[in-house]
Amino acid sequence: MNSELPPEFIVKVDYDRCRRCRRCVMNCSFGCMTFKDRVVPEHRRCVACQRCVTYCPEYAITVSKNELAYKENENWSPEIRKNILKQAETGGMLLTGMGNPREYPILWDHLLIDACQVTNPSIDPLREPMELRTFLGRKPERLEFSMDEAGEIDLVTEIEPQVRLDVPVVFGAMSYGAVSLNVHRSLAMAASRSGTLMNTGEGGLHRELYPYSGNIIVQVASGRFGVHSEYLNTSAMVEIKIGQGAKPGIGGHLPGEKVGEDISKTRMIPVGTDALSPAPHHDIYSIEDLSQLIFAIKEATDYEKPVSVKISAVHNVAAIASGIVRAGADVVTIDGFRGGTGATPMVIRDNVGIPIELALAAVDERLREEGIRNNASILCAGGIRSSGDVAKAIALGADAAVIGTAALVALGCRICQKCYTGNCAWGIATQKPELVRRLNPQIGADRLTNLLAAWSLELKEILGSLGVNSIESLRGSRERLRGVGLDSQTLELLGVKPAGVGQ
Ligand code: SF4
Ligand code: SF4
């Protein structure tokens, strides 16, 4: 069927500036640019990945929205009409990736942080030590010590395994297969340099990255890809993935054409076969089943590693998190609506789940009410974009934040949302060798390390302005947040007062 879809973007080449170097033709991985005496763009193919714009030495290319593609109509937005036309032509489900671009309220932007004035002095982070270090894992109710005759004090309480983070930001789960090995290499090196963690996602861990085990969360998902005893033990922490923010309640699918030799070995599946992750774990239908898997993993890792359970933020998230902690998990990871790097059906991305801010506040509150907050750390994922978001997440109750999209943007991602095509022009969401090469893992690691270093400096400034000198002092301090433009019910759910109200 011939497509009647108007092009989404218009590519303009300034021929007065163009020197006909053809760099744009070589860089475009979506086949938009061809050369016939001069560069000719095929607008319909453009996905606005901005690769040509960035690499044109003459800045001769501009990509703009095709504004007049659809006549204006308040009820029938261009997006809705485009999707109907696409489905009328293909009969298929619409796929997308890299988060939710729609106009849902971002509650982080409606929360403001307190600062000290006059009677409660702030702290200058350039002069005073500021502590960003935190530990993930089950904490004891109290610490008991003993003292011998010589006055030596010993800790008597047995401490459960903990993972140290030097910065309260962890790289989120992105599987090898969905992203390139160079992305995993960049994340592993940056996690090691920054004293934090990367997460394998559900596709196993390439053997080349085993030396980074102290900075790696290995994931056990419903497909159990790449899961074996050595894998579980080559980690700082193990995560059972029940759900992810990009697609709550549904499974995953890595097409066979992406399963080459290396991915096949890492995932332990034959070359060229589709990697299908079932929606549920076929051995988990209750909290008791989950508990069995948690303890099977603890047995397999000699009780030396914390076990995390990752869930999507859904309506009943607080009760589910409570069950997870009671099942023996040491960390609960909540992944919110809006976030998520994974390829997903658009209808799920746009309509399923709840925002992370509300889910986080509800989970922290519930675990406190039940007196089990100490039993597990909370990782907050899904739409964390800046150090300000990290600080607000920690004040709302998280132990640390998780970044996926922000990390990929640091690596070059332009959020064109065409990850599922496998043609990522930036070498990120692709397995094509000629595209994978575009991401230099050394440079990628430098960029990610810089990002975390910059956020660390900013977090220290925030702590200083709040008059506290450690990130742990901020955790759960909702009294240091105020809401603007939020209705009373949302404020109540967040446990935050409106701006203008004092203590
Ligand atoms: S990259 Fe720029 S200068 Fe080179 S051919 Fe394309 S438009 Fe012309
Ligand atoms: S990873 Fe690549 S394909 Fe996916 S949104 Fe980013 S630039 Fe686009």
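Q: Let's start with Q50: buried, exposed or partly exposed?
A: Q50 is partly exposed, because its relative accessible area is 27%, and that class lies between the cut-offs of 20% and 50%. Keep in mind that this is a predicted model.

Q: Where in the fold does Q50 lie?
A: Q50 belongs to the loop that runs between strand 3 (38-41) and helix 2 (51-55).

Q: And what about the phi of Q50?
A: Phi is near 70 degrees there, so to speak on the positive side, in a residue that is not glycine. As background, most residues other than glycine have a negative phi.

Q: Where does I415 lie, and what is its phi near?
A: I415 also has a positive phi without being glycine, with a value near 50 degrees. I415 sits in the loop between helix 12 (405-411) and helix 13 (433-436).

Q: Why does I415 count as partly exposed?
A: Because the relative accessible area of I415 is 39%, which is neither under 20% nor over 50%.

Q: Which residues are around ligand 2?
A: I415 is one of them, together with M98, C413, R414, C416, Q417, K418, C419, C424, W426, I428 and A429. By class, that shell has 9 nonpolar, 1 polar and 2 charged residues.

Q: Where does ligand 2 sit?
A: Ligand 2 sits in the largest cavity, which holds about 110 Å³ of space.

Q: How many cavities of 30 Å³ or more are there?
A: The count comes to 5.

Q: Back to the largest cavity: what lines it?
A: The lining has 15 residues, and those nearest the centre of the cavity are C413, R414, C416, C419 and C424. Of the lining residues, 12 are nonpolar, 1 is polar and 2 are charged. Those five central residues also appear in the shell around ligand 2.

Q: Switching to ligand 1, which residues surround it?
A: Ligand 1 has V13, C18, R19, R20, C21, R22, R23, C24, V39, C56, P57 and I61 around it. This shell divides into 8 nonpolar and 4 charged residues, with no polar ones.

Q: What does V13 stand opposite?
A: V13 is across from I61 in strand 4, and both V13 and I61 are in the shell of ligand 1. Strand 1 and strand 4 (residues 61-65) run antiparallel, joined by 5 bridges.

Q: Which side chains of strand 1 are buried?
A: In strand 1 (residues 9-13), F9, V11 and V13 point to one face and are buried, whereas I10 and K12 point to the other face and are not. In a regular strand the side chains alternate between the two faces of the sheet.

Q: What comes after strand 4, and where is E67 found?
A: E67 is in the loop between strand 4 and helix 3 (78-90). E67 counts as exposed because its relative accessibility is 61%, and the cut-off is over 50%.

Q: How far apart are E67 and P7?
A: In sequence they are 60 residues apart, and their C-alpha atoms are 10.0 Å apart in space.

Q: One more topic: what is the order of the open sheet of 3 strands?
A: The order is 6-22-23, and the pairing is mixed. Strand 6 (111-113) and strand 23 (497-498) are at the edges with a single partner strand each, so each has one side without a neighbour in the sheet.

Q: In which sense do strands 22 and 23 pair, parallel or antiparallel?
A: Strand 22 (residues 481-483) pairs with strand 23 in the parallel sense over 2 bridges, and G483 stands opposite P498 in strand 23.

Note on methods. Residues numbered from 1 in each chain as written. Chains lettered and ligands numbered in written order. Predicted model: local features only at pLDDT ≥ 70, side-chain atom pairs only at ≥ 80, totals over all residues. Heavy atoms only, no water. Near = heavy atom within 4 Å. Nonpolar A, V, L, I, M, F, W, Y, C, P; charged D, E, K, R; others polar. 1 Å grid on protein atoms, 1.4 Å probe; cavity = no way out; pocket = protein on both sides within 12 Å on 5 of 7 lines; lining within 4 Å. Points joined across faces, edges and corners; volume = space filled by probe spheres on them. Buried < 20%, exposed > 50% of the residue type's maximum accessible area, 1.4 Å probe, protein only. Helix = DSSP H or I, 4+ residues; strand = E, 2+ residues; numbered from the N terminus. Pairing = 2+ DSSP bridges. Sits in = over half its atoms within 2 Å of the grid points.
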